[in-house]
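Hi everyone, thanks for coming. I'd like to walk you through a structure, so have a look at the screen while I talk.

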Amino acid sequence: MPSGPALEVVDLVKAYGSRRAVDGLSMHVPAGSVVALLGPNGAGKTTTIEICEGFRRPDAGKVRVLGRDPVADATELRPRVGVMLQDGVGGYTGATTVELLRLFASYAADPHDPHLLLEVVGLTEAAGTAVKRLSGGQQQRLSLALALVGRPELVFLDEPTAGMDPQSRHGTWDLIRSLRADGVSVVLTTHLLDEAEQLADDVVVIDQGRVVAQGSPAELTRSGAEGQIRFRAIAGLPLDQLVDVLPLGSTALEPEPGRYLITGDVTPELLATLTAWCAHQQVLAQDLSVERRTLEDVFLELTGRELRT
């Protein structure tokens, strides 16, 4: 395991004709972490990942995978890196599930047991089924197993839960968490923002070939945004008095009679101050709720709300 980051990308550039699909992109993935790449269609995610996997050559910039060049050192990196592609299992559709997994296991120095891995991804009952007869979700789970059978140190997962039912999706989430617990580094691309929020240690938002935001889900949802507290009570509370006792920068509004909105840095102290003030006023704060931005809110603010093809 390298002492540095599992993946390092510095000033990466890739152009197709006059269009720069990747335009000076930099990011890094600490060893043993899960990093999610988010971005609208055409943002440059897939091109970036294909360069990191060694499938494309960059026009400029530096890429190091486990400390190595993904093109020049491809032979050395191949046993150490797992790749789960969007198009699933490729052209091996005539083989059975277990036959295909055994084939991929034969390429590895110390593979996982294929039958145990099929059990982990929930495909034991489909072991003897031809790949072409698997459902879309089953093929996704098989593709995940193929990416993991060689015990990789770093794994690239491209839309890993696309087409899965809720049970399989949550099972895949648990598997990704177990990979991180075992010290495996994971680079995850997904359009499911709740998936990134649940799994990622860090999120990298890409748009027009550049990184437009990077940080933990908590940092991104907190940064630049005020929290909100809503509650119901009798109409006409003296809100100027409430603001006087709340932390500096907080506001208090009554958008509708008897419905109140508090904005500011929502902390346990602010919540305690609010409820204590209500108690002093002999007022019961009903339906009190604390709201915050989601990762989807952040994503739309950064990349826009219009549809892209």
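Let me begin with one term: two strands count as paired if DSSP finds at least two bridges between them. And please keep in mind that this is a predicted model.

With that in hand, look at strands β10, residues 227-232, and β12, residues 259-264: six bridges join them, and the two run antiparallel. If you want a spot to zoom in on, find Arg232, which stands opposite Arg259 in β12.

Now zoom out to the sheet around that pair. In what order do the four strands of this open sheet come? The order is β11-β12-β10-β13, and the pairing is antiparallel. At the edges sit β11 (251-256) and β13 (286-291), each of which pairs on one side only. From one strand to the next, the twist averages 20 degrees.

There is a helix to add to this picture. Helix α10, residues 268-280, lies across β10, β12 and β13. Its direction is at about 20 degrees to β10.

Let's turn to the interior. The largest nonpolar core has 44 residues. Among those with the most contacts inside it are Leu38, Leu101, Leu142 and Val155, and the list goes on with Leu157, Val186 and Val203. Which helix gives this core its largest share? That is α5, residues 136-148, with six residues. There is also a second, separate core, this one of 24 residues, and it includes Ala6, Leu25, Val29 and Ile206.

I'd like to stay with Leu38 for a moment. Setting aside its neighbours within four places in sequence, Leu38 is in contact with a set of residues that includes Lys45, Thr190, Leu193 and Ala196. The run Val203, Val204, Val205 and Ile206 is also in contact with Leu38, and so are Leu295 and Phe299. Ile206 is worth a second glance, as we just met it in the second core.

On to charges. How many salt bridges are there? The count comes to 15, and I'll show you a few.

My first example is Lys14 with Asp59, at 3.8 Å from N to O. This pair links distant parts of the chain, 45 residues apart: Lys14 is in strand β1 (residues 7-16), while Asp59 is in the loop between α1 (45-52) and β4 (60-65). Are the two partners buried or exposed? Lys14 counts as buried, because its relative accessibility is 13%, whereas Asp59, at 46%, counts as partly exposed.

Next comes Arg180 with Asp201, where the closest N and O atoms are 3.1 Å apart. Here too, the pair links distant parts of the chain: Arg180 belongs to helix α6 (residues 166-181), and Asp201 to the loop between α7 (193-199) and β8 (202-207), 21 residues away. Both are partly exposed, Arg180 with a relative accessible area of 24% and Asp201 with 30%.

Then there is a network: salt bridges that share partners join Arg68, Glu76, Arg80 and Glu153. One link in it is Glu76 to Arg80, at 3.8 Å from N to O. Glu76 counts as partly exposed, since its relative accessibility is 35%.

Last, the cysteines. A disulfide is a covalent bond between the sulfur atoms of two cysteines. This structure holds zero disulfides. Cys52 is buried, with a relative accessible area of 2%, and Cys278 is buried as well, at 1%.

That's my tour, and I'm happy to take questions.

Terms used: Residues are numbered from 1 along each chain as its sequence is written. This is a predicted model: local features need pLDDT of at least 70, side-chain atom pairs count only at pLDDT 80 or more; totals for chains, interfaces and linings use all residues. Side-chain values use heavy atoms; hydrogens and water are left out. Axes are lines fitted to C-alpha atoms, for helices over the stretch in contact, and angles run from 0 to 180 degrees between N-to-C directions. Contact means heavy atoms within 4.5 Å. A nonpolar core is a set of buried Ala, Val, Leu, Ile, Met, Phe, Trp, Tyr and Cys residues joined through side-chain atoms within 4.5 Å. Buried means under 20% relative accessible area, exposed over 50%, partly exposed in between (1.4 Å probe, protein chains only). A salt bridge is a side-chain nitrogen of Lys or Arg within 4 Å of a carboxyl oxygen of Asp or Glu. A disulfide is a pair of cysteine sulfur atoms within 2.5 Å.
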